[in-house]
Amino acid sequence: MKSKASAPAKVILFGEHFVVYGVKAILCSINKRVTVTVEKTSERKIFINSKIGKLVLEPDKSIAEIDSPLKPFYYLANKAIKNKDIGLHIEIDSEIPLGAGLGSSSACCVAGAAAIFKLFGEISKEKILELAIEAEKTIFENTSGADCTVCTYGGIMEYDKINGFKKIEDEPNFQLVIVNSNIQHSTQSMVSKVQQFKNENKEEFSKLANLESKLVEEVLKLVKEKKTKEIGEKINQNQKYLETLGISNNELTKMIKIGQKSSFGAKITGSGGGGCIFLLTNESNLQNILKEFKDSNYECFSTKIDFQGVNTF
Ligand code: MEV
């Protein structure tokens, strides 16, 4: 018997990095997904296969000894077959660009937790999220949990580390454009970089975190009032705070400049240092924007908020 699950990519609209320190963020899921298929095997081994490589290991290995981006899947599989005389075969199929700030590893953890544990009985979204965050911590210890949360529940939400998530019920119909710098980044190292900034600039960081917090509250009001143009201005403002944290670079700044000229607003999404930016736009301007980035040889696509979180089938 096979168990399958899929989970969406995500965009952090406001509040990345600050969310690690307790500030509220606004995130949404988008319609690119990872699908994980799992099957029990009689041989007591964990076999993981994906486009980025293979991992075949005996169960019960120490997680610290495993040097592979597929480690979260091993963690989940090992936990699921503890004290059982079986192995697992796991196949990963993803449409989400890797290391691009679109939540590829969180979506993998969520779809992996759902597909693996569904083999052994029904599993709630709460439990999927708990397992996914445990798995994500094997590669990124300081995760705020925001990415796995939106990949599990889908839609658009506010999130903070203490209160968890609250869906934004107005369900705005944002038209987004994602542009990929194709510079891969590591979330862990970008989060460490921001931590260093915080340690060296305590007062400035605290001021920025307060400004970000205020900005997020203002955006929540603007979303209710459907004031897209003003939300765009807040996106540009948030980009300035991220630049102050030092997570932009020449390439991203160049992309942001093009984006901010032709849309309501543009900013980095995710941990920065590479990865993607997003633009808020509308239908009438969409084709021009895509053409402009494509003509400059950027990989880009248009997307909307996707209201489906993790799915099992
Ligand atoms: C990464 O997608 C978002 C960060 O805020 C880290 C986190 O929230 O765990 C940079």
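A residue is near a molecule or strand if one of its heavy atoms lies within 4 Å of it. In this predicted model, local features need pLDDT of at least 70 and side-chain atom pairs count only at pLDDT 80 or more, while totals for chains, interfaces and linings use all residues. Residues are numbered from 1 along each chain as its sequence is written, and side-chain values use heavy atoms, with hydrogens and water left out.

**Around the ligand**

- The ligand is surrounded by 14 residues, of which Lys10, His17, Val19, Ser144 and Asp147 come nearest.
- A polar side-chain atom of Ser144 lies 2.5 Å from an oxygen atom of the ligand, a backbone N or O atom of His17 lies 2.9 Å from a ligand oxygen atom, and for a polar side-chain atom of Lys10 the distance to an oxygen atom of the ligand is 3.0 Å; a polar contact is a pair of N or O atoms within 3.5 Å.
- Of the 300 Å² of accessible area that the ligand has on its own, the protein covers 97%, with areas taken from the Shrake-Rupley method with a 1.4 Å probe.
- Strand E1 (2-14) and helix H5 (187-200) are the elements that give two or more residues to the shell around the ligand, where helices (H or I, at least four residues) and strands (E, at least two) are DSSP runs numbered from the N terminus.

**Rings and charges**

- The charged end of Lys32 sits over the ring of Phe301, 4.5 Å from its centre, and that of Lys84 sits over the ring of Phe120, 4.7 Å from its centre; this requires NZ of Lys or CZ of Arg within 6 Å of the ring centre and within 35 degrees of the ring normal.

How values were computed: A polar contact is a pair of N or O atoms within 3.5 Å; within protein, one must be able to donate a hydrogen and the other to accept it, and residues adjacent in sequence count only if both atoms are side-chain atoms.
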